[in-house]
Amino acid sequence: MKNISNLKEFACTPDRFQGGHRLCPGCAHGMIVREVVNATEDDLVISTATGCLEVCSAIYPYTSWDVSWLHIGFENAAAGISGAEAMYKALSRKNRLYNEDRNVKFVAFGGDGGTYDIGFQSLSGATERGHDFLYVCLDNEGYMNTGGQRSSSTPIGAHTTTSPRGRVSYGEKNRKKDLTMIMAAHGCPYVATAVPGSKHWKDLAAKAAKAISTAGPTFINALSPCTTEWKFKPEDTVEIADLAVETCMFPLYEIEDGHKLTITYRPKQKLPVEEYLSRQGRFSHLFKPENSWVLEEIQKEVDRYWEYLLRREEAGV
Amino acid sequence: MAEKYQLKSKEVWDGNTAASHALRQAQVDVVAAYPITPSTPIVQNYASFLANGYVDGEFVMVESEHSAMSACVGAAAAGGRVATATSSQGYALMVEVLYQASGMRLPIVMTVVNRALASPLNIHGDHGDLYLGRDAGWIHLIANNPQEAYDMTLCAFRIAEDERVRLPVTTNQDGFLVSHTAQVVEPLDDDTAYKFIGDYKPLNPMLDIKNPQTYGAQTEEEWHFEFKATQHKALMESPAVIDEVFAAFEKLTGRKYNRVESYKLDDAEIALVVMGSAYETSMVAVDKAREEGIKVGLIMPRSFRPFPYNEIAEKLKNIKAIAALDRSCPMGAMGALYNEVAGALAANGESAIMTNYIYGLGGRDTTIEHILEVIKETNENAKAGKRVTDLQGFINLRGPKLSFN
């Protein structure tokens with residue numbers, strides 16, 4: 001891991017993911033990516049699923065990537081990186097590596113569309129096969145690259161263009177898929193959740209470093225607040241991420257060897273979910289009197305899940 | 001190092017076995033595959049070679065054909081020799097990524113054991129999958145028997161990886177009729193085969209991390225057209241390399257291949273155009289028809305893409321009537337071979353009376369007698385000096401006669 005002692009230093013480490021990309025002002029993707037690619041001294045080969053990060057970082061004849069980078073399609077970032085990793089193993093065995101003195105690690109980035117939904121089979125397959133790679137989901141809870149349609153990561157109550165609020169609708173009806181636990185159930189040696197920003201950046205950096213240095217398939221689900229489609233001010237991204245953690249809407253934890261769960265941050269006092277939801281336009285309709293029951297349901301579910309994490313950690317099984 | 005496999009000078013192999021030995025001899029670095037009938041034995045044979053130390057590359061058994069081709073793209077972009085095999089629905093599932101592979105100019109070699117596309121489901125041979133990938137930017141080579149399946153696969157690596165080409169290549173063989181029909185095959189020994197293909201020549205490998213590469217960038221209206229035109233140019237100019245490789249192969253083995261194969265065409269008045277195992281059936285039918293005094297010949301594009309327009313027009317320039325036989329249902333048009341051959345003739349100021357026959361869908365038998373019937377009908381057109389038969393007919397279709405004019 002690179003020895004970066006304070007957050008400002010990240011702004012001065014553009015050697016792998018350059019600025020000048022076309023991500024929205026206030027987008028969390030860039031922060032997460034730069035933290036991940038700076039979490040190791042090893043060389044990186046990266047694949048990226050079609051999505052915000054891909055369309056904003058490699059528009060010919062420009063690229064923000066100073067590492068080898070591959071984009072194939074929406075649903076196959078994991079399969080693509082598994083092929084590259086297999087080639088590395090093959091060339092290593094055959095003594096034909098291009099740079100024998102260098103250690104290469106493999107990382108895939110996908111949005112929640114490319115990870116929870118259309119790319120899930122590819123991710124599950126690559127994970128089951130045991131390839132040595134880190135997959136990072138940049139989870140902005142919807143298809144934001146195409147104007148904010150729902151995904152299976154969209155939380156209950158959120159307005160999206162395909163689960164819109166309306167005269168008889170409170171927005172998304174289905175609960176957010178628990179992908180992190182599903183990945184842990186694959187028996188991955190390391191799985192974690194993370195958020196970008198000033199408060200938990202060391203948590204993310206440490207998790208990325210641990211994931212990259214762990215042999216085998218590892219997974220980080222990073223919440224990526226989306227100023228454009230979640231409808232908050234671009235300067236509030238970090239605050240929104242922090243509120244997701246403080247309300248336990250997006251708890252920070254890690255799971256080793258598919259079962260050993262450790263909560264990596266405990267809010268001193270769990271904030272009510274309204275503190276998080278009220279800051280985002282996508283949930284504004286929930287604050288109408290007729291939707292108050294939805295807020296209650298969300299709070300109930302968050303409480304239940306937090307309790308589940310605490311008990312599971314305590315049980316240590 | 002992988003163990004050498006001791007081969008006899010003559011082996012009895014089916015098309016799948018032949019293709020899998022060619023993959024083994026090519027010392028492929030990464031094979032990523034998903035089994036599907038009738039190409040499954042290629043994948044099984046490869047797994048067996050690996051389990052017994054005859055292969056020292058990586059074998060990635062993915063969870064779908066989409067991931068198979070995606071892993072092939074990742075592996076090829078990483079910088080090494082890559083191959084796979086598939087059929088039918090698997091090929092259809094790969095289609096999105098076939099375009100990605102060729103667009104990134106990755107020299108992946110894929111054996112396609114041709115099989116019908118559902119629905120209705122059918123596991124037997126036709127060219128529905130081959131035609132589906134027609135515009136995918138791959139070179140498509142045709143093998144009519146197990147020997148050719150072996151030979152074409154060896155040639156495919158050398159063509160694909162040539163720095164003047166750098167395009168993916170499929171080698172096609174008919175499901176069951178070639179893939180599961182054992183015949184005598186004369187293989188090369190391992191060293192000779194590998195030497196013919198040569199070491200993999202890296203070009204912009206991602207794993208050369210001192211020179212980072214970007215694969216799969218976004219291009220919009222400013223650049224997309226230029227990239228696709230450049231890719232098309234590479235395909236259109238690949239015949240020079242294909243000819244070179246076929247010539248080198250002939251020098252090594254004595255077996256001569258051409259981008260356009262033909263049989264008894266020199267004095268022919270009528271001709272059939274046909275690809276795949278039916279070409280060999282048609283050879284027998286041609287001999288029989290000639291015994292009856294019909295001057296008929298045969299022609300086949302061995303490279304379906306790039307399509308050998310000028311060579312075909314040249315060979316057919318004195319032919320009066322032509323029947324193009326397509327082993328895929330064109331669904332609302334003439335078959336692909338009909339259209340390509342008609343276009344080839346027109347482009348060269350030639351013309352002939354042309355008819356189209358659809359045959360062999362889903363493994364339906366096409367016998368010598370069926371082909372003889374087509375020859376006789378085509379001869380009627382030649383004798384009349386105009387088309388007196390149907391424009392598009394169906395060979396050995398049960399039920400009432402189906403034809404279109």
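Trainee: Over how many bridges do β14(B) and strand β15 (residues 353-358) of chain B pair?
Mentor: Bear in mind that this is a predicted model. Within it, B:Asp326 of β14(B) stands opposite B:Ile358 in β15(B). The two strands pair in the parallel sense, and the number of bridges between them is six.

Trainee: Which residue of β14(B) does B:Ile270 stand opposite?
Mentor: On this pairing, strand β11 (residues 270-273) of chain B is joined to β14(B) by four bridges, and the two strands run parallel. The residue of β14(B) that stands opposite B:Ile270 is B:Ala321.

Trainee: Why is strand β14 (residues 321-326) of chain B largely enclosed by the rest of the structure?
Mentor: Consider the two directions in turn: B:Ala321, B:Ala323 and B:Leu325 point one way from β14(B), while B:Ile322, B:Ala324 and B:Asp326 point the other way, and all are buried. In general, the side chains of a regular strand alternate between the two faces of the sheet. β14(B) is therefore largely enclosed, the number of its six residues that are buried being six.

Trainee: What is the handedness of the β-α-β unit that β14(B) makes with helix α12 (residues 336-347) of chain B and β15(B)?
Mentor: The two strands of this unit, β14(B) and β15(B), pair in the parallel sense. With helix α12 (residues 336-347) of chain B, they make a unit that is right-handed.

Trainee: Is helix α3 (residues 65-78) of chain B mostly covered or uncovered, and how many of its residues are buried?
Mentor: Helix α3 of chain B reaches 19 Å from its first C-alpha to its last, close to the 20 Å expected at 1.5 Å a residue. Just after this helix, B:Gly79 takes a positive phi of about 115°. The helix itself is mostly covered, with a count of buried residues, out of 14, that is 14.

Trainee: At what angle do the axes of helix α6 (residues 146-161) of chain B and helix α7 (residues 190-197) of chain B cross?
Mentor: These axes come within 8 Å of each other, and the contact is made by B:Leu154, B:Phe157 and B:Arg158 of α6(B) with B:Ala193, B:Phe196 and B:Ile197 of α7(B). By class, the residues in the contact are five nonpolar, no polar and one charged. The axes cross at roughly 35°.

Trainee: Which element gives the most to the side of chain A that touches chain B?
Mentor: The contact takes 40 residues from chain A and 40 residues from chain B. On the side of chain A, the elements that give two or more residues are β1 (43-48), β2 (68-70), α4 (77-93) and α6 (120-128). By class, that side has 20 nonpolar, 13 polar and seven charged residues. With 13 residues, the element that gives the most is α4(A).

Trainee: Which strands stand at the edges of the open sheet of nine strands?
Mentor: The order of this sheet is β10(A)-β9(A)-β7(A)-β8(A)-β4(A)-β3(A)-β1(A)-β2(A)-β9(B), with mixed pairing. Two bridges join β2(A) to strand β9 (residues 214-215) of chain B, and these strands run parallel; A:Trp69 has B:Thr214 as its bridge partner, and A:Leu70 has B:Tyr215. Each edge strand has a single partner strand, so one side of each is left without a neighbour in the sheet, and the two strands in question are β10 (260-263) of chain A and β9 of chain B.

Definitions and conventions: Residues are numbered from 1 along each chain as its sequence is written. Chains are lettered from A and ligands numbered from 1 in the order in which they are written. This is a predicted model: local features need pLDDT of at least 70, side-chain atom pairs count only at pLDDT 80 or more; totals for chains, interfaces and linings use all residues. Axes are lines fitted to C-alpha atoms, for helices over the stretch in contact, and angles run from 0 to 180 degrees between N-to-C directions. Two residues are in contact if their C-beta atoms, placed from the backbone, lie within 7 Å. Ala, Val, Leu, Ile, Met, Phe, Trp, Tyr, Cys and Pro count as nonpolar, Asp, Glu, Lys and Arg as charged, and the others, Gly among them, as polar. The expected span of a helix is 1.5 Å times one less than its number of residues. A residue is buried if 20 or more other C-beta atoms lie within 10 Å of its own, exposed if 12 or fewer, and partly exposed in between; C-beta atoms are placed from the backbone. Two strands pair if DSSP finds at least two bridges between them. A crossover is right-handed if, with the strands pointing away from the viewer, the path from the first strand over the helix to the second runs clockwise.
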